[in-house]
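Student: Please take one small part of this model and go through it closely with me. After that, carry on to whatever else is worth a look, in plain words.

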Amino acid sequence: MFHLRSLILGSCAAALMAGAVAAKSDITVAMQLEPPHLDPTSAAAGAIDSVLYSNVFEGLTRFMGDGSVVPGLAESWEISEDGLTYTFKLHSGVTFHDGTTMDAEDVKFSLDRINADDSVNAQKALFSAISEVNVVDPTTVEIKLSEPNGNLLFNLAWGDAVIVAPESIDNIKQLPIGTGAFKFTSWTQGDNIMIEKNPNYWGTPAALDMATFKFISDPTAAFASMMAEDVDVFVAFPAPENLPQFEADPRFQVLVGSTEGETILAMNNKQAPFDNVKVREAVAHAINRQAIIDGAMFGYGTPIGTHFAPHNPAYVDETALSAFDPEKAKALLAEAGFTDGFETTLDLPPPSYARRGGEIIAAQLADVGITAKINNVEWAQWLETVFKGKNFGLTIVSHTEPMDIGVYANPDYYFQYDNPDFQTLIAKLNKTTDPEMRTQMLGQAQKVIAEDYVNAYLFQLAAITVAKAGVKGLWSNAPTQAIDLTAVTWAD
Amino acid sequence: MRNNLILGTLLTSIFVFAALISFVWTPFPHTAMDIPNKLQSMGGEHLLGTDHFGRDILSMIMVGARTSIAVALVAVGIGMGLGVPLGLFAAAKHGSLVDEIIMRGNDLVFAFPSLVIAILITAVFGASAINAIIAIGIFNIPVFARISRGAALSLWKRDFILAARVAGKSAARISVEHILPNVTNLLIVQGTIQFSLGILAEAGLSYVGLGAQPPTPSWGRMLADAQTMVTIAPHMALVPGLAIILTVLGLNLMGDGLRDYLDPRLRVTRI
């Protein structure tokens, strides 16, 4: 009898313990945009990186949640005295999800692919300094540069430079095969992408067994699905007005961090009247940044005065240069010969920072006499007419790539800023490896584009993540577009 | 059923009146943003509260009424202007190939869900109030064509028409001088109904962002803007929602009442 009772008690205790140990091991993460395909090395779409970066694909180096760059597949590296040769020592025993080994050959393949003539890599320019990639032995690879590039380790951490295998490259857009802690399971187009734990991961294995990325584009649906606990995490939550409710609700946590998203009112620098710096300055002075942050983002966002992230140590505060001053804006317009103002168009992509911010900006511009006709466009149309076609007057967009001030050196970039001095400065900056010199030059670059009023710089987008209270290990900042789940766990 | 007519006319005239007044006066400029005072609830300095940009909702409703009424009115005008002549013409040529072509053309337009086609039209030609008017107007054509043809057909068999024909009047003259005056009552009633449908359609189109573009206020877009704010500022959805409901209700009651009032026999002959 005694035996039986202890047996029952024992099994009860065991059941209880098992319940406590087996914490939830899957997670559903929602985001607004669905990736167009699953190859991070051949498209600019940030949604691809959001799902796959670090989870499925890894590069030689990688970003951490605080923005620092740490070793990834490369265990260590050496830089030659002249800064032209980088020798990477790779982790050994790394395999791709299909079982093939990851070695120096794959690194060479991946980097050569970026620089190939027919490459469709969205950030080709970042790697143009690479002249040669040599395989020394299976775990050693040597990268030769044509000129020193102080940014190489940082650039290699981008999602565009992840290591892919020649064996699986043909189907990468549907079946991504990487080396990460998670492997790709399935993609139900229009609904979700599922990934599962990679049991053969070379590094610290993921705590979760499974993760589902769900695509919910409508802000109302986003709010409803979070409230109904259909999803565990919502990254880049689209309706900031609802955050106080989540904050007050003990079921949820709200993480507010910084992103690399400089939100700007871009002006077509080659199109009249924005080819006149006085007009651009007038536009900059006509805008009240705080009103936009409060009205469109409900207070989430940091004002910026140049195209640079405020949390970066090299940031220079130039907001005073374009302080809100409608009278000055009117005077500048008069000087430029537009006493009665002028008419232009304002193309607005779907995110609420653009649609809502656009309405506020149109009203602010109207106050100084500029009539901006609002034109709401979808992303595909925006990419086609504004980004590729350069057929626009004004537009609002957030530049979420990290350290992207270099785009101002590209006269073909959609806002068409063409300043040879700035181009020389950026070329010099890219060759500089000394951190102090770099900081100084970055400051100078920020100053030039602020003084030229290339665009009206609005605010730094905040990274807003809403999650269930028990989720731990999420990135609160967004140093790159990524939803890194490798360190995510559920609290007991 | 006189009460219907009175109540309906009253509700409708409130909104027409509000729209007319908005041309000369609104409590606040309807586009003026006052972001520090956003999302104020009803009853304060702003009678119906403020929206997420601190704009006065009452002023926006008044100017929005203008948009709704203008779109619906012109759309009904297009429908009547093209539909009625088509219908009368078809009735005059009853049984001919022309009649057949017109009526099957009508069927074709009827066969499509109107709002979906309206979305298609505005998506292809760009979102604007003008395109919304055209899109809604096109779907009013067969409604008026069919109703005027139906009524005209029964009139063509009447003795006074026969007398007119004997007197040597042409079919066109008979249609204008004898048929049209006799279908007017019917058209007024149908016009009221179509008017209310037009207001709904305009609200629907601007709700999906294909109607009047900002900063022109429109009830549908006010509703769309209110969507994510419902839990924190319910009045933002309530006010334009009620405005749409009351206007459509008023117009329908008015249409009903008018039908009874103008000609009770129409209820019998109506198909």
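Tutor: Let's begin right behind helix α5 of chain A: the residue that follows α5(A) is E229(A), and its phi is positive, near 60°. (Helices here are DSSP runs of H or I with at least four residues, strands are runs of E with at least two, and both are numbered from the N terminus.) This is a predicted model, so local features need pLDDT of at least 70 and side-chain atom pairs count only at pLDDT 80 or more, while totals for chains, interfaces and linings use all residues. Residues are numbered from 1 along each chain as its sequence is written, chains are lettered from A and ligands numbered from 1 in the order in which they are written, and side-chain values use heavy atoms, leaving out hydrogens and water.

Now step back into the helix. α5(A) covers residues 219–227, and A222(A), F223(A), S225(A) and M226(A) are buried in it. Buried means under 20% relative accessible area, exposed means over 50%, and partly exposed is in between, with a 1.4 Å probe and protein chains only. What lies over those residues? The cover includes β11 (233–235), α6 (243–248), β12 and β17 (456–468) of chain A.

E229(A) has company when it comes to backbone surprises. S54(A) also has a positive phi, about 70°, although it is not a glycine. You'll find S54(A) in the loop between α2 (46–52) and β2 (61–63) of chain A, and with a relative accessible area of 4% it counts as buried. Over in chain B, L39(B) is another non-glycine with a positive phi, about 55°; L39(B) sits in the loop between α1 and α2 (57–92).

Cis peptide bonds turn up too. One runs from A272(A) to P273(A), with omega near 0°, and P273(A) belongs to the loop between β12 (252–267) and α7 (277–286) of chain A. Another joins P214(B) and P215(B), where omega is about 10°, and P215(B) is in the loop between α7 and α8 of chain B.

Stay in chain A for a moment and look at a pair of helices. α12(A) (residues 420–431) and α13(A) (residues 435–451) pack at an angle of about 160°, and their axes are 10 Å apart. (The axes are lines fitted to C-alpha atoms, for helices over the stretch in contact, and angles run from 0 to 180 degrees between N-to-C directions.) The two are therefore roughly antiparallel; the cut-offs are under 35 degrees for roughly parallel, over 145 for roughly antiparallel, 65 to 115 for roughly perpendicular, and oblique for the rest. On the α12(A) side, the contact is made by F422(A), L425(A), I426(A), K428(A) and L429(A), and on the α13(A) side by R438(A), M441(A), L442(A), Q444(A), A445(A), V448(A) and I449(A). Contact, by the way, means heavy atoms within 4.5 Å.

Next, chain B as a whole. It has ten helices and zero strands. Its C-alpha trace spans about 75 × 45 × 30 Å along the principal axes, and 47% of its 271 residues count as buried. Of the contacts with a separation of 6 or more, 71% are between residues 24 or more positions apart.

Three buried residues of chain B are worth zooming in on. T12(B) is in helix α1 (residues 2–21) and is buried at 8% relative accessible area. A polar atom of its side chain lies 2.7 Å from the backbone oxygen of G8(B). Leaving aside residues up to four places away in sequence, T12(B) touches G250(B), L251(B) and M254(B).

R259(B) is in helix α9 (residues 235–262). R259(B) counts as buried, at 16% relative accessibility, and its side chain makes a polar contact with the side chain of D256(B) at 2.8 Å. (A polar contact is a pair of N or O atoms within 3.5 Å; within protein one must be able to donate a hydrogen and the other to accept it, and residues adjacent in sequence count only if both atoms are side-chain atoms.)

Last comes A212(B), in the loop between α7 (171–207) and α8 (219–226) of chain B. A212(B) is buried at 5% relative accessibility. Its C-alpha atom is 9.3 Å from that of S68(B), though 144 residues separate the two along the chain. Beyond residues up to four places away, A212(B) touches several others, including T67(B), S128(B), A129(B) and R221(B).
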